[in-house]
Every structure is written in structure tokens, then in C-alpha cells.
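Reader: I would like a close look at a single part of this model, with its links to the rest of the chain spelled out. Please give the cut-offs as you go.

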Amino acid sequence: MKNAIKAAKKIVDVLCWIVIVILTATIVMSVVARINGTNPTFFGYSVFRVSSGSMEPELLVGDVILGKTVDRYGEIKPGDIVTYQGSGNMAGELITHKVIVAPHDENGKIMLQTQGVANPAPDEPIEADRVETIMVRKLPLLNDFYNFFFFVFCPGCSLFYRLCNASAR
């Protein structure tokens, strides 16, 4: 019986270390991508968190979405939700809006137009090469995990640590 418990503990230890290595590699790859000014992608997919209400009620602030890298602009059609690089006062920001005018040739450039669902007016037309991803789907479980980790687990660990230190004195 003791040998079975020892073996189970070793298996759990190995699995925990594998998870730690994968998470560490993911974090390092994400940080390196951000430092290089790009978005981290894994096998052509990126994860984004919605940070404004411009797409409500379709996408709420805090929703996590999965986007697929755009290979051909012909893939983009009206109704698709795309994430693209902002310009002007939104330079350096990523914007996630719905396509209302499909990519088309305009003075030798491929252009398209988007609009936030909650916005009364469409956005200025953008060059299609600024589009980074087309939304594949919302990831509600990842959103729940994120909220649990940052709003329950981390504060809980901090409280536990303080209680342990207080009782050790």
C-alpha cells in the first residue's frame, strides 16, 4: 500500500512539474512577443481580453476571445469580428470590432470598414493588412479561470501566507 501511495505521489509530482514547465514556457514566449512588439500566437491563434464596451452586448468587457491569424484578406467578410492595430489616437492599441464593409480595392490598397456594435457610427476605413485575427469564439472557461486566479486564488494565497506568518510568531 505504501508503495502505491509513493508511486501516486511521484506521478502527481511529475505532472505538476510538466504543467509548471508548460506554463513557464508560455509566459516566456508571451513576454518575448510583447517585448518585440507583436502579439503572442500559438499555432496561428491568439487570445485577447476585451477591454472596452464598444462591442456590447455581443462581447462584454473582460470577455476572453480566441482569434485566428488572417492568412488571406478574402477570408474576411461582413459580420466577422476582427482584431486590428489601431491608428491615430488609438495607435499601439488593439481594437476588436465587427466588419461592416468587406475588403475591397480602394486606390490600389485593400481596405475594409468596421464598427463597434455599441458605437453609433462606423470606424474610419482601415487597410486590411492591419487586421491581425478573425475571432473564432469566446472562451468563457478561460475568462472564469482568469477571474478565479486573480480575484480568488491570489488573494487567498496572500491571506493564507499572512495567517501562517502571524501564527508562527
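In which loop is P57 found? Please start there and work outward.

Author: P57 is found in the loop between strand 1 and strand 2. Strands here are DSSP runs of E with at least two residues, helices are runs of H or I with at least four, and both are numbered from the N terminus. The model is predicted, with local features requiring pLDDT of at least 70 and side-chain atom pairs pLDDT 80 or more, while totals for chains, interfaces and linings use all residues. Residue numbers start from 1 along each chain as its sequence is written, and side-chain values rest on heavy atoms, with hydrogens and water left out.

Strand 1 covers residues 45-49 and strand 2 covers 64-69. Between them, the peptide bond from E56 to P57 is cis, with omega near 10°. Most peptide bonds are trans, and most residues other than glycine have a negative phi.

Two acidic residues of this loop take part in salt bridges, a term that here means a side-chain nitrogen of Lys or Arg within 4 Å of a carboxyl oxygen of Asp or Glu. Side chains of opposite charge can pair when their charged atoms come close. E58 pairs with K98, at 2.9 Å from N to O. Because K98 belongs to strand 4 (residues 94-106) and E58 to the loop, this pair ties together parts 40 residues apart in sequence. The relative accessible area of E58 is 32%, so E58 is partly exposed; K98, at 23%, is partly exposed too. The cut-offs are under 20% for buried and over 50% for exposed, with partly exposed in between, using a 1.4 Å probe and protein chains only.

D63 pairs with K138, with 3.8 Å between N and O. K138 lies in strand 7 (residues 131-138) while D63 sits in the loop, so this salt bridge ties together parts 75 residues apart in sequence. D63 is buried at 12% relative accessibility, whereas K138 is partly exposed at 35%. By the stated rule the model has 5 salt bridges. Another of them joins K77 and D80, whose closest N and O atoms are 3.4 Å apart. K77 is partly exposed at 48%, and D80 is buried at 13%.

Through K98 the loop leads to strand 4, and strand 4 leads on to strand 5. These two run antiparallel, joined by 6 bridges; two strands are taken as paired if DSSP finds at least two bridges between them. They form a hairpin with 2 residues between them. N107 is placed in the loop between strand 4 and strand 5, and has a positive phi of about 55° although N107 is not a glycine. At 78% relative accessibility, N107 counts as exposed. E106 has K109 of strand 5 as its bridge partner.

Strand 5 (residues 109-115) is mostly covered, with 5 of its 7 residues buried. Strand 5 also pairs with strand 6 (residues 126-127), in the antiparallel sense and over 2 bridges. Here M111 stands opposite E127 of strand 6. In a regular strand the side chains alternate between the two faces of the sheet.

T114 is found in strand 5 and, at 0% relative accessibility, counts as buried. Its side chain makes a polar contact of 2.6 Å with that of D123 and another of 3.2 Å with that of Y84. A polar contact is a pair of N or O atoms within 3.5 Å; within protein, one must be able to donate a hydrogen and the other to accept it, and residues adjacent in sequence count only if both atoms are side-chain atoms. Contact in general means heavy atoms within 4.5 Å. Leaving aside neighbours within four places in sequence, the contacts of T114 include K98, the strand 4 residue that pairs with E58 of the loop. Others among them are V82, H97, V99, I100 and P122.

For the chain as a whole, there are 2 helices and 7 strands, in the order α-β-β-β-β-β-β-β-α along the sequence. Of the 169 residues, 25% are buried. Among contacts between residues at least 6 apart in sequence, 48% join residues at least 24 apart.
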